[in-house]
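Biologist: I'm still getting used to reading folds. Could you take one part of this protein and walk me through it slowly?

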Amino acid sequence: MQLDHITIVAHECACLRSFFVDVVGLKEGARPPFGISGHWLYLDSQPVLHLIERPDAPSGAGVRIGGPPARIDHMALRIDSLIEWQQLLRRLRERQIPYQLSGMRAQQEQQLFVTPVPDVTVEFVIDGRYLA
């Protein structure tokens, strides 16, 4: 079993698309004509992130009747090179996007958490041996 894709439904997708393409480095690619707005973002040749734009989706403001909508808590992307890690950090700093670093000593990994839009957190993980 392996991860196939993650779908995020949002009120407006431009900021998410920009974050995942311009900062993370995913590429926008072919998407079937579903009849609704959205984007398929690719990692290598695999469409791993599906963004669906629904203007009727909660925008993060106002009162929600019946509690919060279903959402993804976070997605995690593993980085396998120091150069790629450094490039991610540079792009985050250039765009003044706040992030939080957290080490997992037991697993010898470094985590980076960023929230590009409210209620969407992205985790990046790198083997700590790359950073030594």
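Modeller: Let's look at one sheet, the helix that packs on it, and then the core. Keep in mind that this is a predicted model. Start with the sheet: it is open and has 4 strands, which you can trace in the order β1-β4-β3-β2. The pairing is mixed. As a bit of background, strands in a sheet pair through backbone hydrogen bonds, and they can do that either parallel or antiparallel. At the edges sit β1 (6-10) and β2 (27-29), and each of those pairs on one side only. On average, neighbouring strands here are turned by 30° against each other, ignoring direction.

Now zoom in on β3 (residues 38-43) and β4 (residues 46-53). They run antiparallel, with 6 bridges joining them. If you want a spot to click on, try Tyr42, which stands opposite Pro47 in β4. Next, add helix α1 (residues 14-24): it packs on the sheet and touches β1, β2, β3 and β4. The direction of α1 makes about 160° with that of β4.

That helix also matters for our last stop, the largest nonpolar core, which has 30 residues. Helix α1 gives this core its largest share, 6 residues. Other elements supplying at least two residues each include β1, β4, β5 (74-79) and α2 (82-94). Among the residues touching the most other core members are Leu16, Phe19, Phe20, Leu49 and Val114. Take Val114 as an example: leaving out residues up to four places away in sequence, its contacts include Phe19, Leu92, Ile97, Tyr99 and Phe124.

Terms used:
Residues numbered from 1 in each chain as written. Predicted model: local features only at pLDDT ≥ 70, side-chain atom pairs only at ≥ 80, totals over all residues. Heavy atoms only, no water. Pairing = 2+ DSSP bridges. Axes fitted to C-alpha atoms, helices over the stretch in contact; angles between N-to-C directions. Contact = heavy atoms within 4.5 Å. Core = buried A, V, L, I, M, F, W, Y, C linked by side-chain atoms within 4.5 Å. Buried < 20%, exposed > 50% of the residue type's maximum accessible area, 1.4 Å probe, protein only.
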